[in-house]
Amino acid sequence: MNDSPQPSPDSPSSVQPRRVAVALVHHPVRDRNHMEIAASVDWVDFFDAGRVTLVYGVTPLYVVHPVESQKALVERLISHGTRDDRTSETRGRFDHARIVDSLDECIADATERFGERPLVVATTARRLAGQRPYATVRAAIDRGEPVLLLFGKASGLADSVFERSDAVLEPLSGGTGFDHLPVRGAFAIVLDRLLATDRSADARPVSGAPDGGQPHG
Ligand SMILES: C[S@@+](CC[C@H](N)C(=O)[O-])C[C@H]1O[C@@H](n2cnc3c(N)ncnc32)[C@H](O)[C@@H]1O
């Protein structure tokens with residue numbers, strides 16, 4: 001089965017497809033009172049996730065939801081986005097999106113597609129014991145190991161999801177003490193930290209700049 005996204009017409013593809021899938025988990029997640037709930041689907045999160053996964057060559061994009069009416073909504077979003085693919089900048093392709101009932105189904109489907117069980121990696125703003133540095137997960141991806149990244153809706157993934165995951169990534173942090181990103185912000189940053197093609201460019205001095213940094217103005 002070939003699920004690789006096609007290269008964007010803007011830039012030639014320069015990387016081998018990595019074996020990375022992502023899941024927007026709507027259940028089980030937590031509400032503000034730490035109760036386990038199913039969150040409703042947000043079309044902005046879904047469309048943004050569709051676009052971001054195309055940029056980073058991530059497939060499938062799983063939407064985990066047990067409720068039929070919410071799954072039907074995602075189906076409608078997929079056909080709406082697909083129909084407008086060629087006419088609107090704000091729409092994307094969704095043939096790499098998959099709707100599944102549960103995390104079990106998500107892991108089973110990813111295992112079948114990759115031909116082996118992926119490393120299941122949860123994300124969170126919380127600080128938990130034994131969280132995995134980005135470099136370690138990035139190295140696994142670069143070795144060709146399959147990875148399934150989990151992102152939580154509402155107030156984040158339920159504890160049962162962390163218990164079932166093989167690893168939990170360190171929280172993204174700007175050092176302010178407030179680390180709670182919106183899910184689509186975290187989604188884009190995590191994929192960039194794990195999949196950007198040339199991270200060494202971030203640290204490279206700009207030639208000619210007096211302070212060796214970015215030119216000002
Ligand atoms: C609204 S946030 C939930 C924040 C929540 N307090 C938590 O436990 O992560 C929704 C999702 O965005 C992602 N996320 C938010 N902030 C993050 C951070 N600092 N580092 C990594 N992922 C983050 C996680 O997938 C989280 O489940």
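## Strands β4 and β5

In this predicted model, Leu61 stands opposite Ala97 in β5. That bridge belongs to a pairing between β4 and strand β5 (residues 97–100), which run in the parallel sense over four bridges.

Strand β4 covers residues 61–64, and both of its faces are covered. Leu61 and Val63 are buried on one side, while Tyr62 and Val64 are buried on the other. β4 also pairs with β1, again in the parallel sense and over four bridges. There, Val25 stands opposite Val64 in β4.

## Strand β7 and its partners

Let us move on to β7, which spans residues 147–152. Strand β1 (residues 20–25) pairs with β7 in the parallel sense over six bridges. Val25, which faces Val64 in β4, also stands opposite Gly152 in β7.

Another partner of β7 is strand β6 (residues 119–122); the two run parallel and are joined by four bridges. Here Ala122 has Leu150 of β7 as its bridge partner. Together with helix α4 (residues 134–142), β6 and β7 make a right-handed β-α-β unit.

How many of the residues of β7 are buried? Six of its six residues are, so the strand is mostly covered. Val147, Leu149 and Phe151 are buried on one side, and Leu148, Leu150 and Gly152 are buried on the other.

## Around the ligand

The ligand has 17 residues around it, and Ala125, Gly152, Gly156, Leu181 and Ala186 come nearest. Gly152 is thus a residue to remember: it stands opposite Val25, and it is buried in β7.

Which elements each supply at least two residues of this shell? They are β7 and α6, the latter covering residues 183–195. Sorted by class, the shell holds nine nonpolar, six polar and two charged residues.

## Helices α4 and α6

Helix α6 also meets helix α4. Their axes come within 8 Å and cross at roughly 65°. By class, the contact of α4 with α6 involves five nonpolar, no polar and two charged residues. On the α4 side are Tyr134, Val137, Arg138 and Ile141, and they meet Arg193, Leu194 and Leu195 in α6.

## Two residues of α6

Val183 lies in helix α6. Is it buried or exposed? Val183 counts as buried because it has 21 C-beta neighbours inside 10 Å. Leaving aside neighbours within four places in sequence, Val183 is in contact with Asp45, Phe151 and Lys153; Phe151 is one of the buried residues of β7. Val183 and Ser155 are 28 residues apart in sequence, with their C-alpha atoms 9.4 Å apart in space.

Arg184 lies in helix α6 too. With 19 C-beta neighbours inside 10 Å, Arg184 counts as partly exposed, since a buried residue needs 20 or more. Beyond its neighbours within four places in sequence, Arg184 is in contact with Asp45, Asp48 and Ala49. Asp45 therefore appears among the contacts of Val183 as well as those of Arg184. Arg184 and Ala49 are 135 residues apart in sequence, yet 6.8 Å apart in space from C-alpha to C-alpha.

## Backbone details in the loops

Some loops have backbone features to look for. The peptide bond from His27 to Pro28 is cis, with omega near 0°, and Pro28 lies in the loop between β1 and β2 (29–30). Another cis peptide bond joins Thr59 and Pro60, where omega is about -5°. Pro60 lies in the loop between α1 (43–56) and β4.

His34 and Ala154 each have a positive phi in a residue other than glycine, near 70° for His34 and near 55° for Ala154. Their surroundings can be set side by side. His34, in the loop between β2 and β3 (36–37), is exposed because it has 10 other C-beta atoms within 10 Å. Ala154, in the loop between β7 and α5 (159–164), is buried because it has 21 other C-beta atoms within 10 Å.

## The protein as a whole

Stepping back, the protein has seven helices and eight strands. Of its 217 residues, 32% count as buried. Among contacts with a separation of 6 or more, 78% are between residues 24 or more positions apart.

How values were computed:
Residues numbered from 1 in each chain as written. Predicted model: local features only at pLDDT ≥ 70, side-chain atom pairs only at ≥ 80, totals over all residues. Near = placed C-beta within 6 Å. Nonpolar A, V, L, I, M, F, W, Y, C, P; charged D, E, K, R; others polar. Buried ≥ 20, exposed ≤ 12 C-beta atoms within 10 Å, placed from the backbone. Pairing = 2+ DSSP bridges. Right-handed = clockwise from strand over helix to strand, strands pointing away. Axes fitted to C-alpha atoms, helices over the stretch in contact; angles between N-to-C directions. Contact = placed C-beta atoms within 7 Å.
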